[in-house]
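Reader: Before accepting any label in this model, I should like to see each one set against its criterion. Would you take me through the reasoning?

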Amino acid sequence: MTQLVIEQALNGLQFGLMLFLLAAGLTLVFGIMDMINLSHGSLYMGGAYLGAAATHASGSFLIGMLTSMAGMAVIGVLLEITLLRKLYQRDHLVQVLATFALILIANEVVRMLWGSKPLMLNPPANLAGPVELLGFSYPAYRLLIIAVGITVAGLLYLLVTRTRTGMWVRAGASNREMAEVLGINVRRLFTGVFALGAALCALAGILLGPLLAVQVGMGESILILSFVVIVIGGIGSIRGALIGSLLVGSVDTLGRALLPTLLRSVTAPEIARQLGPAIASILIYLLMAGILFWRPQGLFPARG
Amino acid sequence: MSTLLDIRHVAAAYGESQVLFDISLAIGEGEVATLLGRNGMGKTTTIRAICGFIPLSAGCIEFSGATIAGDRPAQIAKRGIALVPEGRQIFPNLTVKEHLLAFAANRSGNRDPWTVAKVFSVFPQLAERANHLGNQLSGGEQQMLAIGRALTTNPRLLILDEATEGLAPLIREEIWHCLASLRAVGQTILVIDKYVQRLINLADHHTIIEKGRGVWQGSSAALDADHGIWHRHLGV
Ligand SMILES: Nc1ncnc2c1ncn2[C@@H]1O[C@H](COP(=O)(O)OP(=O)(O)OP(=O)(O)O)[C@@H](O)[C@H]1O
Ligand SMILES: [Mg+2]
């Protein structure tokens with residue numbers, strides 16, 4: 001049991017860190033430009049496909065990863081300049097409709113390029129096996145994801161909390177007009193944020209590729225989780241996105257793995273078997289409702 | 001003395017509803033000027049037009065000889081205009097020190113530029129609060145921070161919109177004192193406020209607007225001499 005808990009806690013941490021890579025970009029886009037971008041999940045899918053294709057072509061996972069990040073950053077900038085920029089002034093319904101259309105287009109484009117069968121993406125050969133950890137074995141590749149996730153989350157956190165650029169981003173997220181009148185070109189700053197957000201989506205896409213299937217529609221489910229994360233964390237807040245991701249990642253993972261077992265100890269096995277998965281799948285929404293009841297603006301509101 | 005800001009016959013609207021009809025105002029380098037008028041007459045809107053937030057439907061605005069109407073707010077700011085806005089607009093998620101570091105520049109080529117340390121020496125309360133977030137400050141501290149933040153850009157023109165509103169008398173005095181010492185070092189200032197007598201002591205000349213039109217312009221002496229103007233146009 002302890003081993004299961006530790007293992008699932010690590011899985012939860014790993015999933016939470018990957019969620020953070022998506023949620024970071026999403027929360028800043030929402031916070032600074034007041035823009036709901038549903039196509040954020042498509043950047044994640046695009047990153048996974050581009051990464052898989054580049055890995056197969058080059059034979060190196062690392063090259064695949066870097067290619068996919070650079071490629072999606074470029075695609076993100078083009079998307080922002082040509083299309084999304086026109087949506088900032090529109091209301092949220094227009095943004096939702098337009099970026100939902102982008103999801104459909106992205107899914108079709110991917111299907112045309114790579115077909116509708118899921119792509120296989122193997123982890124780097126030297127990380128394919130398990131490693132011994134505290135007396136039990138854990139997949140080496142998952143440890144790599146945790147390490148990369150912690151590193152990137154740490155760098156991003158430093159960028160946002162310790163640098164002048166980070167101050168501008170936070171200022172822009174909480175009061176765009178005031179940032180402008182102090183001399184910050186929020187539009188250009190935002191294009192940069194968008195490029196970084198797209199690259200982080202790509203990183204999450206290719207890292208999760210070997211664990212989940214690289215397939216059309218993979219962006220949608222994770223997009224919903226990312227929205228839950230940023231609402232919990234407080235829209236526009238990087239710290240909120242980090243805490244929210246770790247919460248959602250671990251509650252979701254641990255809930256799914258442990259809840260049926262826990263229920264079995266208090267109710268009849270038949271009921272536990274049916275109720276367990278059902279409750280587990282809505283656990284994060286219960287978490288969100290609870291947090292919003294207690295703090296309607298989320299944990300770390302960026303706006304005054 | 002050369003003209004720094006020159007507003008000529010400006011008109012502007014929020015969408016369909018026209019708010020400014022005919023505003024003119026010129027401020028020379030090193031002068032302190034005021035913009036006066038009752039509530040809702042268009043003072044803040046005039047400031048928003050200067051800062052590039054709303055387009056002009058007529059007239060023009062020149063800063064240091066170059067037309068700025070049509071520029072983006074960030075471009076206008078970089079030319080050397082800084083705003084202490086109505087409602088202070090402190091960033092809740094930046095610390096006091098970050099407010100003073102993030103936008104620091106020397107846009108006027110000041111030989112003794114405003115820095116974090118210099119702002120802290122003028123407003124010692126802020127130094128004690130250096131690592132507090134903007135939303136943890138009192139109203140008075142927020143106002144000092146808003147002024148300090150504008151000063152760290154070392155602006156050629158400092159604009160203050162209702163900087164003493166809602167403050168305790170002692171803090172208000174501190175702000176007036178600060179403005180007087182800014183004037184003494186040659187800072188050009190445009191100020192909007194309700195305390196006419198204080199403004200007469202502080203400023204060189206005044207512009208009164210009513211329903212988006214300039215209705216009176218003159219020196220401090222002229223405004224001081226005729227309290228009828230106060231009653232007619234300012235309701236005090
Ligand atoms: N965003 C807006 N959209 C439409 N009308 C507006 C907007 N902001 C202000 N107004 C209107 O424009 C007029 C002038 O407002 P403004 O804020 O410029 O007045 P003010 O002189 O600064 O007043 P106060 O002393 O209350 O600050 C008012 O009638 C106000 O209702
Ligand atoms: Mg006003």
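Author: The residues of the shell around ligand 1 comprise three nonpolar, five polar and four charged ones. In this predicted model, local features need pLDDT of at least 70 and side-chain atom pairs count only at pLDDT 80 or more, whereas totals for chains, interfaces and linings use all residues. Residues are numbered from 1 along each chain as its sequence is written, chains are lettered from A and ligands numbered from 1 in the order in which they are written, and side-chain values use heavy atoms, with hydrogens and water left out.

Reader: What makes a residue count as nonpolar, charged or polar?

Author: Ala, Val, Leu, Ile, Met, Phe, Trp, Tyr, Cys and Pro count as nonpolar; Asp, Glu, Lys and Arg count as charged; the others, Gly among them, count as polar. The residues surrounding ligand 1 include B:Tyr14, B:Arg38, B:Gly40, B:Met41, B:Gly42, B:Lys43 and B:Glu162; a residue belongs here if one of its heavy atoms lies within 4 Å of the ligand.

Reader: Which element gives the most to the shell around ligand 1?

Author: Helix α1 (residues 43-50) of chain B does, with three residues. Helices (H or I, at least four residues) and strands (E, at least two) are DSSP runs, numbered from the N terminus.

Reader: What makes the approach of B:Gly40 to ligand 1 a polar contact?

Author: A polar contact is a pair of N or O atoms within 3.5 Å; within protein, one must be able to donate a hydrogen and the other to accept it, and residues adjacent in sequence count only if both atoms are side-chain atoms. A backbone N or O atom of B:Gly40 is 2.8 Å from an oxygen atom of ligand 1, so the pair qualifies. For B:Met41 the corresponding distance is 3.2 Å, and for a polar backbone atom of B:Gly42 it is 3.0 Å. Taken alone, ligand 1 exposes 640 Å², of which the protein buries 59%; the areas come from the Shrake-Rupley method with a 1.4 Å probe.

Reader: Why is the pair B:Arg48 and A:Glu177 called a salt bridge?

Author: The term requires a side-chain nitrogen of Lys or Arg within 4 Å of a carboxyl oxygen of Asp or Glu. The closest N and O atoms of B:Arg48 and A:Glu177 are 2.9 Å apart, so the pair meets the rule. B:Arg48 lies in helix α1 of chain B and A:Glu177 in helix α7 of chain A, so this pair joins two chains.

Reader: How many salt bridges does the rule find across the interface of chain A and chain B?

Author: The rule finds three. Another salt bridge pairs A:Arg170 with B:Glu98, at 3.0 Å from N to O.

Reader: What is unusual about phi in B:His9?

Author: Most residues other than glycine have a negative phi. B:His9, which is not a glycine, has a positive phi of about 50 degrees, and its place is in strand β1 (residues 3-14) of chain B.
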